[in-house]
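Hi,

Here is the structure I said I would pass on. Have a look at it first, and then read my notes underneath.

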Amino acid sequence: MAGLAADNLTCIKRDRVLFTDLSFALLPGRLIYLRGPNGAGKTSLLRILTGLSAPDAGELSLDGQPLERQRDTFNQQLIYVGHKAGLNGALTAMENLRFWCAQHGAEFVPADTYRVLALLGLVGLEEVPVRMLSAGQQRRVALSRLWLKKATYWILDEPFTALDTDGIALLEKHMRQHVAQNGAIITTSHQPLSDLAGPMEELVLEYRL
Amino acid sequence: MNGLYQGIFKRDIALAFRQRSELAQPLMFLLMVITLFPLGIGPGPMTLQKIGPGVIWIAAILSSLLAMERIFRDDFWDGSLEQYMLSGLPVSAIAGVKVLVHWLVSFLPLALFSPLLALFLNLTVDMYVALMLTLVLGTPLLSLVGAIAVGLTVGLQRGGVLLALLLIPVFIPLLIFATSAVDSAALQLPYRAQLAIIGAMLLLAMAAAPFAIAYALKVSQN
């Protein structure tokens with residue numbers, strides 16, 4: 001089966017079972033909207049999907065093969081935007097993105113990067129240390145990765161945090177475009193996704209005691 | 001390989017130059033600790049010569065503890081570490097490059113300073129040469145082993161003192177062999193054996209530490 005499949009995942013944090021026997025598949029051309037109250041395990045699930053943490057039970061597979069054996073292939077096809085922006089405050093937006101592209105094997109074209117930053121409303125802020133930017137602007141710099149690296153799988157953890165309505169609309173349109181181009185997205189968000197984001201499947205995690 | 005150079009090496013060098021004060025502080029600390037000894041113990045030239053090598057090495061270890069956390073602390077808290085781990089570059093290689101940069105920016109200046117310190121503490125030329133050799137072989141070992149402990153403690157808030165408690169005992173063998181080499185030099189005795197042992201420890205650390213650091217970082221992410 002194509003796509004990223006989760007098979008009977010279980011996650012236990014501090015003796016509390018967050019979820020058990022969770023199975024689903026993230027297929028190219030689909031958007032999964034992961035919902036659930038605080039503490040339900042959304043972030044834990046996303047981190048397990050990226051491979052940053054290991055599930056307590058269950059397995060992940062990519063295109064029908066165990067994910068463990070094709071970590072490198074998967075990483076090339078993955079963009080993860082987490083709670084933490086992954087930007088160093090002392091470096092400028094351009095520097096942060098240049099080094100990130102080099103690490104991730106994405107081609108860095110300065111002209112394209114300026115264009116993406118302009119699209120995200122960061123004109124004139126490209127060479128300012130990121131720590132001087134507002135929370136929303138920092139989030140925009142972090143999200144600009146979604147324009148800079150070609151990857152099938154996007155794993156987004158609360159991507160809309162601190163974004164204004166324009167920013168949210170921009171990101172939702174970009175997500176819709178990505179799905180239309182056979183991309184696969186799993187995202188969490190406390191505010192419902194609007195129609196701009198296109199068709200989606202919902203995955204709901206319950207808070208368990 | 002290119003990703004490591006363009007993405008990690010250049011990044012860390014750029015950051016080091018941007019945060020010069022953070023690098024200068026441990027060095028100033030080292031210099032001040034060393035100046036305290038003549039003031040506290042008395043400036044007798046023979047006394048200083050006797051304690052000099054030990055003082056320089058102890059000050060180097062203490063000041064290295066101040067700068068050690070820099071290796072991964074910021075990357076952990078701002079999320080850069082997560083992005084490294086998903087970059088497809090081997091985490092052990094990333095750790096190796098980061099340790100290399102850390103050594104270049106925090107211990108190379110110390111090596112440049114060391115003639116001044118040798119004058120301060122009345123070391124002979126033989127002793128100074130031996131001290132320099134032990135510093136060149138020994139300080140990369142501080143960086144490598146220190147990075148493992150930083151990897152383990154980076155997720156804890158205020159891991160600073162814990163880091164020192166973990167690392168100081170581990171550095172004892174290095175201190176013993178390094179000061180013994182300089183003592184031998186003072187007596188015009190050969191000190192190749194001590195250097196060879198420090199070199200062996202360094203080679204072992206170079207082979208094993210990157211993997212240990214990678215594992216420690218993975219554990220910290222969990």
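**Strand pairing and cysteines**

Let me start at a single pair: Leu62(A) stands opposite Gln65(A) in S5(A). Bear in mind that this is a predicted model, so everything below is computed from predicted coordinates.

That pair belongs to a short antiparallel arrangement, in which S4(A) and strand S5 (residues 65-66) of chain A are joined by two bridges. Together S4(A) and S5(A) make a hairpin, with two residues between the strands. One thing to check in the turn is Asp63(A), whose phi is positive at about 50 degrees.

S4(A) has another partner too. Strand S1 (residues 4-13) of chain A pairs with S4 (residues 57-62) of chain A, again in the antiparallel sense, over five bridges. If you want a spot to look at there, Ala5(A) faces Ser61(A) of S4(A).

Now the cysteines. Is Cys11(A) buried or exposed? Its relative accessibility is 4%, under the 20% cut-off, so Cys11(A) counts as buried. Cys101(A) counts as buried as well, because its relative accessibility is just 1%. As for disulfides, there are zero over all chains.

Last, the annotation. The UniProt record, an unreviewed entry, places the feature "domain: ABC transporter" at residues 4-207 of chain A. In the model, that span is 32% helix and 25% strand, and its end C-alpha atoms lie 24 Å apart.

Shout if you'd like to go through any of this together.

Cheers

How values were computed
Residues are numbered from 1 along each chain as its sequence is written. Chains are lettered from A and ligands numbered from 1 in the order in which they are written. This is a predicted model: local features need pLDDT of at least 70, side-chain atom pairs count only at pLDDT 80 or more; totals for chains, interfaces and linings use all residues. Side-chain values use heavy atoms; hydrogens and water are left out. UniProt positions are given in the numbering used here, feature names are shortened, and annotations may be inferred rather than shown by experiment. Helices (H or I, at least four residues) and strands (E, at least two) are DSSP runs, numbered from the N terminus. A disulfide is a pair of cysteine sulfur atoms within 2.5 Å. Buried means under 20% relative accessible area, exposed over 50%, partly exposed in between (1.4 Å probe, protein chains only). Two strands pair if DSSP finds at least two bridges between them.
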